[in-house]
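Got your viewer open and a selection box ready? Let's walk through this one stop by stop.

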Amino acid sequence: MKSSELVRIAKKYGWTLSDQDGTSHREYEKSGRKIIIPFHGSKEVPTGTCNKILKTIKGA
């Protein structure tokens, strides 16, 4: 899954952009919880990282 798809899902679940570290990492926040989504152009996010981010997005 690409970073842009993860961002789309995060926004759908109510996460908002709270900070951006340069151009490679974006931090999203919801209810005091934070997630960091790596953003490296059109590269795929590694499977384990993607699964952990999705679990956090949907569990918050």
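Begin with strands S2 and S3: six bridges join them, and the two run antiparallel. Keep in mind as you click around that this is a predicted model.

**Stop 1: the S2-S3 pair.** Select Glu 29 and look across to S3, where Lys 34 stands opposite. Now pick Glu 27; its bridge partner in S3 is Ile 36. Next, follow the chain through the hairpin of S2 and S3, which has two residues between the strands. Ser 31 is the residue to click here, as it takes a positive phi near 55°.

**Stop 2: the S1-S2 pair.** Select residues 16-21 for S1 and residues 25-30 for S2; five bridges join these antiparallel strands. Which residue of S2 stands opposite Leu 17? Tyr 28 does. The hairpin of S1 and S2 has three residues between the strands, and Gly 22 takes a positive phi near 65° there.

**Stop 3: the whole sheet.** Show S1, S2 and S3 together. They form an open sheet in the order S1-S2-S3, with antiparallel pairing. S1 and S3 are the edge strands, each pairing on one side only. If you look along the sheet, neighbouring strands are turned by 25° against each other on average, direction ignored.

**Stop 4: H1 over the sheet.** Bring in helix H1, residues 3-12. H1 lies across S2 and S3, and runs at about 160° to S3.

**Stop 5: H2 by itself.** Select residues 47-59, the 13 residues of helix H2. How far apart should the ends be at 1.5 Å a residue? The expected span is 18 Å, and the end C-alpha atoms are 18 Å apart, so the two agree.

Now colour H2 by accessibility. Cys 50, Ile 53, Leu 54, Thr 56 and Ile 57 are buried. These buried residues cover an arc of only 165° around the axis, which means they sit on the same side of H2. Rotate to the other side of H2 and you'll find Thr 47, Gly 48, Lys 52, Lys 55 and Gly 59 exposed. What do the buried residues of H2 pack against? Helix H1 and strand S3 (33-38) are the partners.

**Stop 6: the two helices together.** Show H1 and H2 and fit their axes: the helices pack at an angle of about 10°, with the axes 10 Å apart. Angles under 35 degrees count as roughly parallel, so H1 is roughly parallel to H2. To see the contact as sticks, select Leu 6, Ile 9 and Ala 10 on H1, plus Cys 50, Ile 53, Leu 54 and Ile 57 on H2.

**Stop 7: Met 1.** Finish at Met 1, in the segment before H1. Is Met 1 buried, partly exposed or exposed? Its relative accessibility is 31%, so Met 1 counts as partly exposed. Draw a C-alpha to C-alpha distance from Met 1 to Cys 50: the two are 49 residues apart in sequence and 7.2 Å apart in space. Then list what Met 1 is in contact with, leaving aside neighbours within four places in sequence: Leu 6, Ile 9, Glu 44, Val 45, Cys 50 and Leu 54. Leu 6 and Ile 9 also belong to the contact between the helices, on the H1 side, as do Cys 50 and Leu 54 on the H2 side.

Methods: Residues numbered from 1 in each chain as written. Predicted model: local features only at pLDDT ≥ 70, side-chain atom pairs only at ≥ 80, totals over all residues. Heavy atoms only, no water. Helix = DSSP H or I, 4+ residues; strand = E, 2+ residues; numbered from the N terminus. Expected span 1.5 Å × (residues − 1). Buried < 20%, exposed > 50% of the residue type's maximum accessible area, 1.4 Å probe, protein only. Arc of directions from axis to C-beta. Contact = heavy atoms within 4.5 Å. Pairing = 2+ DSSP bridges. Axes fitted to C-alpha atoms, helices over the stretch in contact; angles between N-to-C directions. Parallel < 35°, antiparallel > 145°, perpendicular 65-115°, else oblique.
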